[in-house]
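I opened a notebook page for this model and wrote down what I looked up, entry by entry.

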Amino acid sequence: TLPRIYALDHPTNTPYFIDTAARIYREVVKDVSLSFAYGDMKLDWLADLQCSELVVALIKHAYEDASLDIVRIGEIFKTSLRESINITDADVLVLAGNLLTAIGFDFAGCKILTNDSVSYMCRVKTLKILTLDGCIEITDDGLKPLEMLAGQLEVLSLAGLTHISDDGLDQIGRKSFALKILNVNNCPNVTHNMLILFAKRNKFLSTIHASATYITDEGMTQLCNHMSEQHLTSLDISFCRAVTDYSIVSLAQACPNLLRLNLCGLSRVTTQSMRALISKCWYLKTINLEDMFLVTDDTFYFDREGDGRPQAEAAFLRQLNKIIFRDCVNLTDSGFQAICDRCRKVDSVSLRGCDKLTDQTLRNMYYISPIEGPNSFASTIRVLDISFCHNITADAILDLLNKGLGIEDYYSE
């Protein structure tokens, strides 16, 4: 337990301390009398692993989950802001040979893993969760072994795999039916055709992340026809540059239960479709409209002529708790006032680069409405980013901060 006592195994440590912790752990588990020292599972095989980060992560898991059902290597080291973890194919082979009842592997950030690692993972017949984000050496050929496990996969995350395409995902999509989360963010060779296939086959799909993939309006409309109105709660189509108002209107009609929506960089989408979307998606908690310069103030005012339902007006914007409006250059004080008037659950706001906002926006944040009182919009905010808002003065910022609110993280130019 010495590495834990002296924090040698903390993910943010330098390689020297991580290596030291790993050497101690290896020596302990090699001792027959101590092989169960870190839980109810025999871990003598850890001595065969080459990667120190992997040894440390597994010992951490053994303390928390004796069965090592889900091995979250990427999650543990993500907090340390490391760009990569030096896990090798040989390490994955050791894992697959000794964790035969594991249900999930998270290898996000393990950039040197190759196609061989995927084939080794497929030896674990109970596999349901697989995260390979940033494993950039994996190609279409490497995904083929996953076909045999496709029917039981519930989570498949392949973000940043630039060498995969529809060809590699085709048979997985055709044989899957239990998938709940699909992440192909930053896979530029994946198209809407493959997303449609997965949506058709997996009726309980709740999350589709497809940033910077190839999606057209026609493709998005077809996808909406197959996405579950009841189950889909999270969608990321940021930087899908071909998407226009037509797609957003289709989305509004098909998926009213969305909770999280990322539309960052959709420069062809206008206020007209966004207004319709927000009025129909009553439960939205997180919305990202970064760099959508055609979105104007009218987006955030309920359209009584277009939608006369009292319930829709009552629910409009009410559930938002995270707002990202970076570089929305046509957003003014008037538009943000509409948000301040309605939202009382927001804890994170990013207005970075919204040049037209002035001191009035900050005053609107702490204004207590006689209708919405006793709390203001700002009363729940923990994170506020107003950097590069050049028309907001230092005096207004100090005035806001001196209100005794609960703002914990604040960013300005």
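The entries below go from the whole protein to a helix, two spaces and two single residues.

**Entry: the model.** I note at the start that this is a predicted model. I treat every value below as computed from it.

**Entry: overall build.** I looked up the secondary structure and found 16 helices and 13 strands. The radius of gyration is 24 Å, close to the 22 Å that the globule rule gives for 413 residues, so the protein is as compact as a globular protein of that length. Along the principal axes, the C-alpha atoms fill a box of roughly 70 × 50 × 30 Å.

**Entry: inside and outside.** I asked what share of the 413 residues is buried. The figure is 54%. For the surface, I noted that the protein exposes about 18100 Å². Carbon and sulfur atoms supply 51% of that area. I also looked at contacts with a separation of 6 or more, and residues 24 or more positions apart account for 74% of them.

**Entry: helix α11.** I picked this helix, which covers residues 245-254. How many of its 10 residues are buried? I counted 7, so α11 is largely enclosed by the rest of the structure. The buried ones are Asp245, Ser247, Ile248, Ser250, Leu251, Ala252 and Ala254. I then looked for what lies over them. The cover includes two helices, α10 (217-226) and α12 (271-280). It also includes the strands β7 (234-236) and β8 (260-262).

**Entry: the second largest pocket.** I recorded about 200 Å³ of space for this pocket. It is lined by 14 residues, and the closest to its centre are Asp236, Asn262, Thr286, Asn288 and Ile324. Which elements give two or more residues to this lining? They are β7, β8, β9 (286-288) and β10 (322-324). Strands β7 and β8 are thus on my page twice, as they are also among the cover of the buried residues of α11. By residue type, the pocket lining divides into 5 nonpolar, 6 polar and 3 charged.

**Entry: the cavity.** Next I looked for closed spaces. Rolling a probe the size of a water molecule over the atoms shows where empty space is left. The count comes to 1 cavity of 30 Å³ or more. The volume of the largest cavity is about 70 Å³. Its lining is made up of Ile278, Cys281, Leu284, Ile287, Phe300, Leu317, Leu320, Phe325 and Ile339. I sorted this lining by type and got 9 nonpolar, no polar and no charged residues.

**Entry: Thr216.** I found this residue in the loop between β6 (207-209) and α10. Is Thr216 buried or exposed? Its relative accessible area is 18%, and under 20% counts as buried, so Thr216 is buried. Leaving out residues up to four places away in sequence, Thr216 touches His192, Ala242 and Ser247. Ser247 is one of the buried residues of α11.

**Entry: Asn364.** This residue sits in helix α15, residues 359-366. With a relative accessible area of 11%, Asn364 is buried. I checked its neighbours, again without those up to four places away in sequence, and Asn364 touches Asp333, Gln337 and Cys340. I also noted the spacing to Phe336: the two are 28 residues apart in sequence, and their C-alpha atoms are 8.2 Å apart in space.

Note on methods:
Residues numbered from 1 in each chain as written. Predicted model: local features only at pLDDT ≥ 70, side-chain atom pairs only at ≥ 80, totals over all residues. Heavy atoms only, no water. 1 Å grid on protein atoms, 1.4 Å probe; cavity = no way out; pocket = protein on both sides within 12 Å on 5 of 7 lines; lining within 4 Å. Points joined across faces, edges and corners; volume = space filled by probe spheres on them. Nonpolar A, V, L, I, M, F, W, Y, C, P; charged D, E, K, R; others polar. Helix = DSSP H or I, 4+ residues; strand = E, 2+ residues; numbered from the N terminus. Rg over C-alpha atoms; globule rule 2.2 N^0.38 Å. Buried < 20%, exposed > 50% of the residue type's maximum accessible area, 1.4 Å probe, protein only. Contact = heavy atoms within 4.5 Å. Areas by Shrake-Rupley, 256 points an atom, 1.4 Å probe, with all protein chains shown as cover.
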